[in-house]
Amino acid sequence: MPKIQYVDPAQSRKSGRITFKDIPVNRYDKTIEDEKANFSNEDFLRIYRDMFVIREFETMLNAIKTTSEYNGVGYTHPGPAHLSIGQEAAVVGQAYLLDADDYIFGSHRSHGEILAKGLSAIEKLSDRALLDIMESYFDGKILKVIENNKKYDSVKELALDFLLYGTLAEIFARETGFNKGLGGSMHAFFTPFGIYPNNAIVGGSGDISVGAAIFKKVNSKKGIVIGNIGDASLGCGPVWEGLCLAAMDQYKTLWEGEFRGGLPLIINIMNNQYGMGGQTRGETMGYDMLARIGAGVNPEQMHAERIDGYNPLAVVDAIRRKREILERKEGPVFLDTVTYRFSGHSPSDASSYRTKEEIEAWMEEDSIESFGEELVKAKVTAFSELDGIKANIRELMTRICKLSINDDISPRMDIVKGPDIIADLMFSNERIEKMEDRVCGVLMPKEENPRVKQIKRKVRTGMQDGKPVSKNRVFQFRDALFEAIVDKFYTDPTLIAYGEENRDWGGAFAVYRGLTEALPYHRLFNSPISEGAIVGSAVGYGMCGGRVIAELMYCDFLGRAGDEIFNQLAKWQSMSAGVIKMPVVIRVSVGSKYGAQHSQDWTSLVAHIPGLKVVFPATPYDAKGLMNSALMGTDPVIFFESQRIYDIGEMYREEGVPEGYYEVTIGEPDVKIEGSDLTILTIGATLYRAEEAVRIFKEKHGLSVELIDARSIVPFNYDKVIESVKKTGRIILASDACERGSHLKDMAQTISELAFDYLDAPPVVVGARNWITPAYELEEFFFPQPAWFIDAFHEKIMPLKNHVPKSNFTVNEQLRRNRNGN
């Protein structure tokens, strides 16, 4: 799309061949003796200790899951425990050089990654920094448990117990866990140590980690990002989308100044050979050696390499070399870390898909035992010292286990005492004008922007002298969105926007026209057609502390980002117990005229998912006010926009749309027309067809109709609606969503319960037909039309004198449609 990049047909059609470089495989060949120049004896022993800490931690979990007892401590844990016993060298080697400024993201099998990264952070942080972290985290609640348990000789010893206890208490769903028990085994994390969320969805970190790397790059933050995912995740679409987004050419060709260059990102595959029971190499995948994947992503082949994850020093060496690549801004990097899990997929897995001989062969290569033997052989230590380390760790783990299962010391959330504890965590409801206080990166003063100047000349109300203002002169719905968005770009330096056709084109529906001239590439850019990665990376960017607007060109493409919206965007605030904020706005355009796969209203899908705010403005005033509110908040907002009304002016406020800043509170409906005989509540662009119905009711039937625009779907304050129904006794609810399963049905039920004594008839829902969306020429038979309101009222609420309905809203027709599934 950028006009500065000429697509030359002569070059595109030129004969030639694509060549590939060799991909290194297990190239590390040093001995302990060779590495003594790089590691002290204490360093070697710390690596050994860290591996055994992880091994014993998971041995404890496995014992509890399979025998309900560990070292004489009885406990039953019904929750998940996906263990990585056997993979310790891979995680300890990876974490060895990392500090708290380096972020890791993991999978459902990431206890080892959490502990390894935490142990590395403890080693590198000062005592003062560690105390500040422990004392401030949840007001020191976790720290108090540890301090009351025993006396400590050092802060680092205290921090080790803090790490182990906070992780185990989280796995056991205790309120004293790192996420108050709301994350659990598969979602535990601790951001002060650079440990970002682990993910129960296979490959879930594959695109989220890309967003974290973009955050570091755009905001000039220290450190690198490592996305740890399993070998089986290479079969997941979002992982491939994440690779495409991570390796975009534009980072190196179009981004400018200090922002030019590749992302500081390593996509690390913990290649333990299996995805549950499916063997990736030789059965479920076709890459032979997983590192081959990097060759298909970019000319640098993502600097792909296969490394021996059974040798911690080989992993340390690889991370050191790859980090240098990232620091030269030549990322991203792709690592195939070969490892093996002795344990099954979970403790209930009998490993029937692999032989006993295979497991034993890998156990004979056990990285902890072999590394210990090498240390003794190199005279770094003696077996007696290693045995002492093991004994101390078992004693430590027993003590931490006892603490974590003690209901008095480590209680679970008391939902009886505080029934809204979890409910209060679903939204953060904070107002933060800018996520960081620094200068915003822009290309020109806002007042000099061509579109800002153009908008200043527009008429900010839809009617003038009793006549509609022409589309060329009127301040349109798209102008209202632009005004709110451009203002935030000049206020919040962390704000970025991306999606398909965002730059140069100005967005598919011209909302972003004028932003290309105002913003550098790193703040407004085009993405691949990768809806999953668009949203997933926005999740990563937001959870790291940045504000982002990601755009899905059509509502129908929500399905391509289903997991990222339903399982990621919606859940991390609450699963973190409020530690993470999610200042992410997902703009979604609801189509028209383009048939079955480009004209669907899927508001009900996202409204069903707890943790998402959902809005659907229908007027320029509301569009600007709601966008301002969304961009001031710290919650994820799905912002629906109808393509039918991008060019419409403000028709309901005589004073028009204010030039200055204002907000429309998310969750508050608005009475557009007052009335006394019937209430109509609409969502989205159906407002304008309902307005025509209001006119017909008045002129033909003498009925006064109150028209309310919902504006928001979640949250929703029913006060105005109930107040209206108390006055009118009747209500019709309408939107362009298919009637079956529509959120309108939920709203109708709520209104029935809240206003039962005031209703003269049950609430009536008028939605689109339960069909595919037909061609534009047939849309009048599919979407609610003004006459449908009249017919529905006549059949379901009160007969109208001399009215002959054209649409069938009878009981028999309703039964027939449901019987036929349409």
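# Briefing: domains, sheet, helix and charge pairs

The domain assignment splits the chain into domain 1 (32-410), domain 2 (449-642) and domain 3 (675-704 + 716-820). Bear in mind that this is a predicted model. Between domain 1 and domain 3, the C-alpha centres are 55 Å apart. A search of the whole structure turns up 54 salt bridges and 0 disulfides.

**The five-stranded sheet**

- There's an open sheet of 5 strands here, in the order S18-S20-S19-S22-S23, and its pairing is mixed.
- Strand S18 (670-673) and strand S23 (764-768) sit at the edges, so to speak: each pairs on one side only.
- Going from one strand to the next, the twist averages 25 degrees.
- Inside the sheet, strand S19 (residues 678-682) and strand S22 (residues 731-738) run parallel and are joined by 4 bridges.
- If you want a spot to click on, Thr682 has Ala734 in S22 as its bridge partner.
- As background, strands of a sheet pair through backbone hydrogen bonds, either parallel or antiparallel.

**Helix H17**

- Helix H17 (residues 477-489) has 13 residues, which at 1.5 Å a residue should span 18 Å; the end C-alpha atoms are 19 Å apart, so the two values agree.
- H17 is mostly covered, with 12 of its 13 residues buried.
- Charged residues are on that buried list too, including Arg478, Asp479, Glu483 and Lys488.
- Also buried in H17 are Phe477, Ala480, Leu481, Phe482, Ala484, Ile485, Val486 and Phe489.

**Salt bridges**

- The general idea is simple: side chains of opposite charge can pair when their charged atoms come close.
- Lys141 pairs with Glu175, and their closest N and O atoms are 3.7 Å apart.
- That pair links distant parts of the chain, 34 residues apart: Lys141 belongs to helix H7 (residues 141-147), while Glu175 is in the loop between helix H8 (155-171) and helix H9 (205-218).
- Lys141 is partly exposed at a relative accessible area of 36%, whereas Glu175 has 18% and is buried, because the cut-off for buried is under 20%.
- Lys434 and Asp437 make another salt bridge, with the closest N and O atoms 3.2 Å apart.
- In that pair, Lys434 is partly exposed with a relative accessible area of 30%, and Asp437 is exposed with 68%.
- Asp670 and Lys672 form a salt bridge as well, their closest N and O atoms being 2.9 Å apart.
- Here Asp670 counts as partly exposed at 21% relative accessibility, while Lys672 counts as buried at 13%.
- Beyond simple pairs, a network of salt bridges links Arg46, Arg49, Asp50 and Glu123.

**Cysteines**

- With 0 disulfides found in the whole structure, Cys244 is in none; the nearest cysteine sulfur is that of Cys236, 14 Å away.
- Cys244 is partly exposed, and its relative accessible area is 44%.
- For Cys544, the closest cysteine sulfur is in Cys440 at 19 Å, so the two are too far apart for a bond.
- Cys544 is buried, with a relative accessible area of 10%.

Methods. Residues are numbered from 1 along each chain as its sequence is written. This is a predicted model: local features need pLDDT of at least 70, side-chain atom pairs count only at pLDDT 80 or more; totals for chains, interfaces and linings use all residues. Side-chain values use heavy atoms; hydrogens and water are left out. Two strands pair if DSSP finds at least two bridges between them. Helices (H or I, at least four residues) and strands (E, at least two) are DSSP runs, numbered from the N terminus. Axes are lines fitted to C-alpha atoms, for helices over the stretch in contact, and angles run from 0 to 180 degrees between N-to-C directions. Domain bounds come from an automatic or database domain assignment. The expected span of a helix is 1.5 Å times one less than its number of residues. Buried means under 20% relative accessible area, exposed over 50%, partly exposed in between (1.4 Å probe, protein chains only). A salt bridge is a side-chain nitrogen of Lys or Arg within 4 Å of a carboxyl oxygen of Asp or Glu. A disulfide is a pair of cysteine sulfur atoms within 2.5 Å.
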